[in-house]
Amino acid sequence: MKRSIILAWGLILAVFALGLFGLAGRGGTLLGEEKIDVPDPGAADSAVTIRVKLGDAVQEMDLDTYLQGVLRAEMPASFEEEALKAQAVAARTETLYKVENGPVANHPEADICDDVNCCQAFLPAETAEKNWGKQAKKYAAKIAAAVRETDGMVILYEDEPILAAFFSSASGRTNPSGDVWVNDLPYLRSVQSPEGENEVPNYYSVASFSPEEFREIFLAAHPEADLDGAPEDWIGAAERSDSDMVLSIVIGGVKVKGTEVRALFSLRSAAFTVAAEEGEIVFRVTGYGHGVGMSQYGANVMAAEGSTWREILKWYYTGVTIGPYTPKNLAET
């Protein structure tokens, strides 16, 4: 990626400071045989070209195009417009954070990838069109507007892009980053989140395992565990956070993190209970995702209740500001 991009951003931000750029009007994009009216590409996002690894191939695209692909993959297009805008700014921020801070070791040939375990998901327009069916025209316009009406806006902490983590739904509160990952980041604190079973499909979920299945899965990771005797004796005490996340739990005499248990048994979140019931080991789970940062369903509830995208972001990310940002560490091509 050429360093001239930085100059382009500088010029654009200078114009922004004068209040001269924004949405210049509405243009047209073809989707199938229908003409879709969407805002013209934002000047700031369109000035940045990034290298995106999609599967095994690397494509160059402008940030506006990339962010629309992320929104198509990461948030239902049926969500409220202000929630989609909040997601667009979070995705833009996460992109610039990844570009400037890595993980380049995972894909040195690209700035970012479509692996959700590394970066962000991405859905091509053609695939989304098929998924959306009769709603394709409406949803494509909503996605484009969410990106372009927040053009260039980034979530900042001490004037730098944050690690703008987001997830599907919380169990009443979000998790501080230190409870889930290694570092406690000052802007990723625990806050209340308003979604519940009335707003979230599968808000409560159940995962059941036979004692043999449970034993095989857990012993593969912890062969030192004692899973002999009655299954009801295998599960010990659990330590929980204010968000009801399991911080740690004793299984077969071994103390393990709740996040590890979630991964081992493919649970929707680490907010769970587990017990032996009628010959099975049963997990009862609340919410979906790691629980750090912005809850997408929570953002949608806030938007439906009248919150703006700025208010949503400042609620979920503690002590941040929102504004334009000039990328610094773009890779040379």
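This is a short exchange on how terms such as buried, oblique and exposed apply to this predicted model.

Student: What makes up the secondary structure of the protein chain?

Tutor: The protein chain has 11 helices and 16 strands. Of its 333 residues, 51% count as buried. The chain exposes about 15500 Å², and carbon and sulfur atoms supply 49% of that area.

Student: How many of the contacts between residues at least 6 apart in sequence join residues at least 24 apart?

Tutor: The share is 65%.

Student: Why are helices H4 and H6 called oblique to each other?

Tutor: Start with the angle. The axes of H4 (residues 81-101) and H6 (residues 136-148) cross at roughly 55°. Roughly parallel needs an angle under 35 degrees, and roughly perpendicular runs from 65 to 115. The value of roughly 55° fits neither. H4 and H6 are therefore oblique.

Student: What else describes a pair of packed helices?

Tutor: The distance between the axes does, along with the angle. For H4 and H6, the axes come within 8 Å. The crossing of H4 past H6 is right-handed.

Student: Which residues meet where H4 contacts H6?

Tutor: H4 brings Glu81, Leu84, Lys85, Ala88 and Arg92. H6 brings Lys142, Ile143, Ala146 and Val147. By class, this contact has five nonpolar residues, four charged and no polar ones.

Student: How do you know whether Tyr66 is buried or exposed?

Tutor: Compare its relative accessibility with the cut-off. Buried means under 20%. Tyr66 has 0%, so Tyr66 counts as buried. Tyr66 sits in helix H3 (residues 63-74).

Student: What touches Tyr66, leaving out residues up to four places away in sequence?

Tutor: Tyr66 touches Ile50, Val52, Met61, Thr95, Ile112, Cys113, Gln120 and Phe122. Take Phe122. It is 56 residues from Tyr66 in sequence. In space, the two C-alpha atoms are 7.8 Å apart.

Student: His107 is in a loop. Why is His107 called buried or exposed?

Tutor: The class comes from the relative accessibility. His107 has 2%, and the limit for buried is under 20%, so His107 counts as buried. The loop in question runs between H4 and strand E5 (112-113). Beyond neighbours within four places in sequence, His107 contacts Lys53, Ile112, Cys113, Cys118 and Cys119.

Student: What makes helix H10 largely enclosed by the rest of the structure?

Tutor: Count its buried residues. H10 (residues 296-304) has nine residues, and eight of them are buried, so H10 is largely enclosed. The buried ones are Gln296, Tyr297, Gly298, Ala299, Asn300, Val301, Met302 and Ala303. Their cover includes H3, H4, strand E8 (166-167), strand E15 (294-295) and helix H11 (309-316).

Student: What is notable about the phi of Ser266?

Tutor: Most residues other than glycine have a negative phi. Ser266 is not a glycine, yet its phi is positive, near 55°. Ser266 lies in the loop between helix H9 (258-264) and strand E13 (272-277).

Student: How do you know whether Ser266 is buried or exposed?

Tutor: Exposed means over 50% relative accessible area. Ser266 has 63% relative accessibility, so Ser266 counts as exposed.

Student: What about Glu278, its phi and its exposure?

Tutor: Glu278 has a positive phi of about 50°, and Glu278 is not a glycine either. Glu278 is in the loop between E13 and strand E14 (280-286). Its relative accessible area is 84%, and the cut-off is over 50%, so Glu278 is exposed.

Technical notes: Residues are numbered from 1 along each chain as its sequence is written. This is a predicted model: local features need pLDDT of at least 70, side-chain atom pairs count only at pLDDT 80 or more; totals for chains, interfaces and linings use all residues. Side-chain values use heavy atoms; hydrogens and water are left out. Axes are lines fitted to C-alpha atoms, for helices over the stretch in contact, and angles run from 0 to 180 degrees between N-to-C directions. Helices (H or I, at least four residues) and strands (E, at least two) are DSSP runs, numbered from the N terminus. Angles under 35 degrees count as roughly parallel, over 145 as roughly antiparallel, 65 to 115 as roughly perpendicular and the rest as oblique. A crossing is left-handed if the near helix is turned anticlockwise from the far one by less than a right angle, and right-handed if clockwise. Contact means heavy atoms within 4.5 Å. Ala, Val, Leu, Ile, Met, Phe, Trp, Tyr, Cys and Pro count as nonpolar, Asp, Glu, Lys and Arg as charged, and the others, Gly among them, as polar. Buried means under 20% relative accessible area, exposed over 50%, partly exposed in between (1.4 Å probe, protein chains only). Accessible areas come from the Shrake-Rupley method with a 1.4 Å probe; for residues, only the protein chains shown count as cover.
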